[in-house]
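Got a minute to poke around a structure with me? Let's go through it question by question.

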Amino acid sequence: MTTTTTTTTTTTATSSAATTALNTTTGATTGATTGNAAHNATAGTAGTTGARGAGDVLILGNGPDAVRLTRALHRLGHPGPVRMLPEPVVTAIDRRRRRVRTADGGEHPYGTLALALGARPHIPDVPGLRCPEGQLRGGVRVGTPLAGPAAGRRATTTPGPVVVLGAGPDGTDAALALRRAGRQVTVVHPGAHPMSRRLDRTAGELLAGALAERGIRVHAGATAVEFTPGKLTLDDGRILEAATLLLCTGTVPHTRLAAEAGLPVGHGVLVDSRLRTADPHISALGSCAELTTTADGPAAPPAWDQAEALAARLTGADRTAPPPVVRLRDPALHLAVMGSRQALEEAPDQITLHDPARGRYARLALRRDRVAAAVVLGLPRAAAAVTQLYREARPVPAARLALLLGTPPLRPGAPDSPATVVCRCNHVTLGELREAWDRGARDVAALAEATRATTGCGSCTDEVARLCSARTAPSGGPGGARSAGRGAREGRAR
Amino acid sequence: MSDRAPAPAGPRAGAAPAAARAGTPGDIPAGIPADTPADTHCPYCALQCGTRLSRAADGAVTVRPTPGFPVNQGGLCQKGWTAPALLDTPDRLRTPLLRDAGGTLAPAGWDTALDTIAGRLRELRARYGPDAVAVLGGGGLTNEKAYLLGKFARLALGTSQIDYNGRFCMSSAAAAGNAAFGIDRGLPFPVTDLAGAEVVLLAGANPAETMPPLMRHLDGPELIVIDPRRTPTAERAALHLQPRPGTDLALALGLLHAAVAEELLDHDYIETRTTGFDACWRQAREAWPERVEAITGVPAADQRAAVRMLAAAGRRYLLTGRGSEQHSTGVDTVAAYINLALALGMPGRPGSGYGCLTGQGNGQGGREHGQKADQLPGYRMITDPAARGHVARVWGVAPEDLPGAGRSAWELLDSLATPGGPRALLVFGTNPVVSAPHAARVARKLAALDLLVVADFVPSETARLAHAVLPVTQWAEEDGTMTSLEGRVLRRRAVRTPPPGVRGDLDVLHGLAVRLGEPAARYPTSPRAVFDELRRASAGGRADYSGISYERLDSGEALYWPCPAAPGPGGARAAPHPGTPRLFLDGFAHPDGRARFAPVGHREAAERTGPGFPLHATTGRLLAHYQSGAQTRRIAELTAAAPEPEVEIHPDTAARLGVGDGQRVRVSSARGSTVARARLVATLRTDTVFLPFHFPGAGRANLLTGTALDPVSRMPEFKVSAVCVEPEPAP
Ligand SMILES: Cc1cc2nc3c(=O)[nH]c(=O)nc-3n(C[C@H](O)[C@H](O)[C@@H](O)COP(=O)(O)OP(=O)(O)OC[C@H]3O[C@@H](n4cnc5c(N)ncnc54)[C@H](O)[C@@H]3O)c2cc1C
Ligand code: SF4
């Protein structure tokens with residue numbers, strides 16, 4: 001038997017050391033779970049041989065993506081064993097024999113292999129970033145996705161100006177968070193404007209403007225050539241003060257094992273929308289995977305969705321993971337980007353709304369009534385609505401301006417028809433109220449007595465009062481509005 | 001099948017000879033003098049609006065709102081106003097019915113009916129054991145009936161197989177509330193407190209339609225409404241969040257995330273009054289509002305705005321309804337909302353709090369006194385040896401004689417007539433053929449039983465399938481108590497003698513128990529006697545009623561449980577315990593006095609839309625009807641307001657399907673299909689349709705709903721199914 005640290009769990013076990021440490025909780029609420037069917041399939045153990053059914057899932061990696069997948073499988077009652085193997089101990093994937101080999105000579109057979117290997121930050125080749133020993137020099141930090149006012153404070157505690165290298169979605173978010181925390185921030189970005197791989201020019205310029213408005217300096221079209229403590233030199237010769245240099249220069253998916261096993265690899269391990277690699281027994285998810293369906297490189301991986309979708313597929317459902325959406329996390333700058341630049345340019349049906357004065361921009365590229373790609377900026381509701389349509393591939397509603405600008409609240413303002421229901425709680429129509437008036441009910445209380453209008457939730461009281469004043473001579477105002485209901489017509493058996 | 005109630009044109013019930021029942025033992029009041037108004041409560045929902053009933057000499061009953069009753073403040077909804085018509089419904093059951101050899105339900109005398117039923121029950125029990133007989137109760141039964149039904153099941157039948165329809169109603173909120181606070185009382189404060197709030201967040205509740213007079217207390221506060229539909233309640237809101245059905249849990253997590261990220265937490269409160277925040281936050285930290293936006297469709301900006309509104313208000317409440325609770329993630333969803341309320345320091349503070357809007361008339365009391373599979377009276381757990389000991393003592397049996405925990409409502413229904421499952425079912429106060437999920441399967445299971453007994457006052461859809469039907473009293477013909485959504489115990493009072501041939505449920509249980517060999521004294525037939533026993537059985541439990549008496553209630557005291565018999569400070573001569581209008585002000589009901597955050601993470605609904613079933617269907621209630629409609633569909637005025645099932649659908653979606661307003665459509669899910677008229681609603685999400693669940697036959701919304709259950713509460717997923725819609729040719 002080997003000493004490999006395989007984590008074996010079954011569908012009901014939730015407390016193996018590794019999963020506990022990573023806060024896996026199935027049946028997360030307190031209190032006893034009543035009558036959950038106990039599957040308790042016998043777990044496969046390391047080193048055993050023999051062919052495995054597809055239900056026998058081995059997950060490579062033990063980061064958040066792996067934990068999410070494990071949890072989702074448990075929850076969906078996955079009938080077979082689910083094992084997690086941390087990436088560093090794995091030496092090779094033997095696809096032919098469906099086994100994973102570990103450094104200690106162990107062999108781990110699988111039915112289905114899920115690659116959740118994660119990614120590491122990409123450190124650009126700029127002189128001065130590293131110490132001679134190889135680790136990052138003081139003042140150089142790696143950016144992680146950030147949100148909230150506290151995020152900027154968490155990003156760096158070193159006082160002084162910050163330079164953010166790279167204005168992709170993560171760099172832009174980090175710059176905004178730091179600025180919200182009151183820091184002096186400069187962004188250096190090689191493209192023509194921030195998020196240049198994702199945004200068309202109009203949107204990019206609006207975004208640059210929005211950053212500038214918040215006091216963030218943006219150096220577009222520039223690259224860093226050297227870092228010395230406190231200073232960053234750019235290719236155009238400018239020198240920026242940088243007490244902190246925050247690297248937001250992308251990630252490098254861990255693809256080595258996949259590549260060596262002969263799986264197609266691009267930036268990440270290539271998968272289709274069902275998260276399948278070229279090998280039917282191997283899937284990949286999270287930040288090590290690259291969807292072949294989005295032509296423009298990895299977007300912030302929708303890890304929740306991918307774990308849920310893969311777990312659903314492995315437990316028998318036919319599920320695709322929704323396509324990723326880039327969404328900035330600044331609370332006041334609402335930017336959502338869907339689909340590739342190419343799709344944005346090429347889709348046949350284009351809708352554009354451009355309101356530069358108010359920093360609002362929306363561009364929807366539609367194909368067969370579905371959103372193929374979109375950029376939505378400064379329109380928080382539209383960002384949400386278009387994201388839903390895109391992720392679910394649902395047809396865009398006919399009222400397209402309403403989709404972008406919102407539907408006005410539906411208050412039809414009581415059309416003057418006798419059939420209009422004035423009191424919804426008691427289903428009293430305008431006609432019935434007029435009739436009651438004609439029979440002598442001349443104030444709200446009397447109308448309530450006669451018709452029961454106003455006696456439910458009471459919200460039509462004003463309207464009934466208005467009806468009174470409209471019918472009375474100018475002197476007769478509404479009156480007694482709130483006392484309504486006390487003397488309503490009696491409900492009678494028959 | 002046509003089930004439309006004809007206009008009530010039958011003979012006046014009041015014409016029944018008033019003295020006919022004189023001398024009958026039991027809970028049936030003998031002749032009540034005419035013109036003595038009685039203060040009682042509406043027969044329907046958990047608001048339990050106060051109603052004053054008067055009876056004219058000819059027997060006709062009239063209703064008015066009870067002056068001064070604070071909950072409805074002089075208001076009633078259309079259901080309350082028209083309730084007296086139910087007393088005279090022409091197809092009222094007036095005699096027991098037994099299915100004859102030819103398969104038709106034929107009138108029978110009470111003795112014959114009870115002898116026959118008891119005989120069959122004895123046979124089945126002898127052959128298959130006590131769990132071969134099951135009981136399904138309801139949240140509309142009085143406390144007395146619910147209590148005696150639980151006792152009857154455990155002692156006379158010796159079965160563990162008893163549960164009630166409240167599983168379909170508030171079980172998720174109950175489980176989450178118990179876990180967080182140590183006690184589950186719908187509103188742990190009087191309804192009237194709401195009026196003093198600055199902000200109220202309603203998650204999945206539509207009181208403007210389902211409990212209109214409640215809105216009188218929500219006039220002042222700004223409302224935040226979370227509902228996939230733009231309901232009349234949502235129309236009144238300052239902020240309406242419209243999530244995709246089935247994503248409520250993600251939304252609740254997103255709101256907590258926003259509260260943390262915006263630094264709106266009440267750290268002192270978290271520190272001194274709660275435990276478990278860190279574990280809860282570890283689960284929620286991934287739910288940043290933009291991610292939640294992608295899943296729910298609720299703009300991140302609106303999530304933040306909602307949390308800011310709540311945090312900025314001094315007095316604020318967070319209330320959940322079925323929209324949050326009727327999911328396979330229901331307990332976690334409510335727990336996530338409670339986490340938010342705790343993080344902002346709301347529960348257990350004067351003028352603020354968390355509550356659940358109970359649905360059924362006695363949904364609260366009905367779940368406290370022993371008709372739930374795992375509970376004994378006083379909200380005691382049946383698995384707790386001390387609880388068993390106490391209740392066994394009150395009942396005069398040995399603790400070992402009490403069965404253990406049984407199956408939850410859906411699991412119970414699904415196990416009927418399966419090997420090892422019950423072969424007989426006694427139904428009191430519920431209509432599962434219409435209201436249970438996957439209703440067609442339930443109907444098949446019921447049809448396969450050896451014995452189905454239904455006690456009801458109208459021939460409900462379930463009664464029509466029964467082997468034996470027992471006609472029982474209705475609201476204005478009986479005495480008892482109900483516990484409303486605010487935990488206040490209310491008196492239900494009789495104003496009219498029931499028609500001859502009708503008996504009270506307590507009487508029925510007594511008659512059956514005696515025939516099953518039980519001592520007669522163990523099953524009192526007077527509600528007061530049952531209540532006095534219930535007080536003893538509940539003493540010392542979470543829901544302690546021992547200090548509440550008919551005398552105190554009749555003298556006008558407003559008593560909220562817990563209300564122990566033990567006098568307050570000052571010893572035996574002190575005033576009786578005043579009850580507890582507001583819980584948690586001094587601490588929560590856990591041993592350490594602290595509330596518990598629950599570590600809940602994101603989970604999806606059990607069913608997703610896909611190519612075959614591209615739309616979400618969600619179900620709910622209409623203003624004009626109540627629950628399965630067995631009562632309200634018999635009232636002409638209500639049937640006129642909502643005569644038949646309509647499915648709400650967005651005009652765009654309808655246009656794509658070639659469906660026009662008012663056209664008949666077939667809505668189908670993986671379980672079955674239902675037929676309704678399309679009603680185009682432009683404020684609906686284009687991916688969602690809505691169906692009311694009040695209608696019978698082919699119009700049952702529950703033909704669509706699925707059987708995924710919450711792992712803790714066993715609540716079915718009523719609020720989201722994947723469906724498709726197509727035009728349906730005229731019949
Ligand atoms: C199909 C069904 C069957 C029921 N059966 C029973 C029963 O047998 N016995 C029983 O005691 N009670 C039952 N109930 C519960 C009963 O309706 C409640 O007791 C009732 O009082 C609920 O009131 P409500 O205000 O929550 O209204 P409801 O109409 O039930 O729902 C409240 C609101 O929730 C909204 N909503 C729907 N989906 C969501 C969502 N995902 N997120 C947020 N809001 C949402 C609806 O649009 C509705 O406006 C049932 C409810 C339903 C829907
Ligand atoms: S149905 Fe509910 S809201 Fe309507 S009158 Fe009855 S108790 Fe009041």
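Q: How many aromatic pairs does the structure hold over all chains?
A: Keep in mind that this is a predicted model. Counting over all chains, the number of aromatic pairs is 12.

Q: Is the pair of Phe531(B) and Tyr545(B) stacked, tilted or edge-to-face?
A: The ring centres of Phe531(B) and Tyr545(B) are 6.4 Å apart, and their planes make 55°. Stacked would need planes under 30 degrees apart and edge-to-face over 60. The angle of 55° fits neither, so the pair is tilted.

Q: How many residues apart in sequence are the parts that Phe531(B) and Tyr545(B) tie together?
A: Phe531(B) belongs to helix H21 (residues 527-538) of chain B. Tyr545(B) is in the loop between H21 and helix H22 (550-554) of chain B, so the pair ties together parts whose separation in sequence is 14 residues.

Q: Is Phe531(B) buried or exposed, and what about Tyr545(B)?
A: Phe531(B) has a relative accessible area of 0%, and Tyr545(B) has 0% as well. The cut-off for buried is under 20%. That makes Phe531(B) buried, and Tyr545(B) also counts as buried.

Q: What kind of pair do the rings of Phe584(B) and Phe588(B) make?
A: Their centres are 5.2 Å apart. The planes sit at 40°, so this pair is tilted.

Q: Are Phe584(B) and Phe588(B) buried or exposed?
A: Phe584(B) comes out at 8% relative accessibility, while Phe588(B) has 5%. With buried set at under 20%, Phe584(B) counts as buried, and Phe588(B) is likewise buried.

Q: Which residues do ring pairs link into a cluster with Phe584(B) and Phe588(B)?
A: Ring pairs join Phe584(B) and Phe588(B) into a cluster that takes in further residues. Those partners are Phe181(B) and Tyr354(B).

Q: Where does the charged end of Arg229(B) sit, and which ring does Lys151(B) lie over?
A: Arg229(B) has its charged end 3.4 Å from the centre of the ring of Phe690(B), sitting over that ring. Lys151(B) is 5.5 Å from its ring centre, over the face of Tyr523(B).

Q: Which are the edge strands of the sheet with the order S13-S14-S15 (chain A)?
A: This is an open sheet of three strands with antiparallel pairing. Neighbouring strands are turned by 25° against each other on average, direction ignored. The edge strands each pair on one side only, and they are strand S13 (224-228) and strand S15 (239-242) of chain A.

Q: Which residue in S14(A) stands opposite Ala224(A)?
A: S13(A) pairs in the antiparallel sense with strand S14 (residues 230-234) of chain A, over four bridges. In S14(A), the residue opposite Ala224(A) is Leu234(A).

Q: Which strands does helix H9 of chain A touch when it packs on the sheet with the order S21-S22-S25-S24-S23 (chain A)?
A: The sheet is open, with five strands and antiparallel pairing, and its twist averages 15° from one strand to the next. Helix H9 (residues 380-392) of chain A packs on it, with a direction at about 160° to that of S25(A). The strands touched are S21, S22, strand S24 (360-367) and strand S25 (370-377) of chain A.

Q: How far apart in space are Pro471(B) and Asp456(B)?
A: Pro471(B) is in strand S18 (residues 468-471) of chain B and counts as buried at 1% relative accessibility. Asp456(B) is among the residues in contact with Pro471(B). They are 15 residues apart in sequence, yet the C-alpha to C-alpha separation is 5.6 Å.

Q: Which peptide bond is cis, with omega near -5°?
A: One end of this bond is Pro562(B), in the loop between strand S21 (559-560) and strand S22 (595-596) of chain B. The cis bond runs from Trp561(B) to Pro562(B).

Q: Is His427(A) buried, partly exposed or exposed?
A: His427(A) has a positive phi of about 50° although it is not a glycine, and lies in the loop between strand S26 (421-423) and strand S27 (428-429) of chain A. Buried needs under 20% and exposed over 50%. At 36% relative accessibility, His427(A) therefore counts as partly exposed.

Notes: Residues numbered from 1 in each chain as written. Chains lettered and ligands numbered in written order. Predicted model: local features only at pLDDT ≥ 70, side-chain atom pairs only at ≥ 80, totals over all residues. Heavy atoms only, no water. Phe/Tyr/Trp six-rings, centres within 6.5 Å; stacked < 30°, edge-to-face > 60°. Helix = DSSP H or I, 4+ residues; strand = E, 2+ residues; numbered from the N terminus. Buried < 20%, exposed > 50% of the residue type's maximum accessible area, 1.4 Å probe, protein only. Lys NZ or Arg CZ within 6 Å of the ring centre and 35° of its normal. Pairing = 2+ DSSP bridges. Axes fitted to C-alpha atoms, helices over the stretch in contact; angles between N-to-C directions. Contact = heavy atoms within 4.5 Å. Lists of a residue's contacts leave out its neighbours within four places in sequence.
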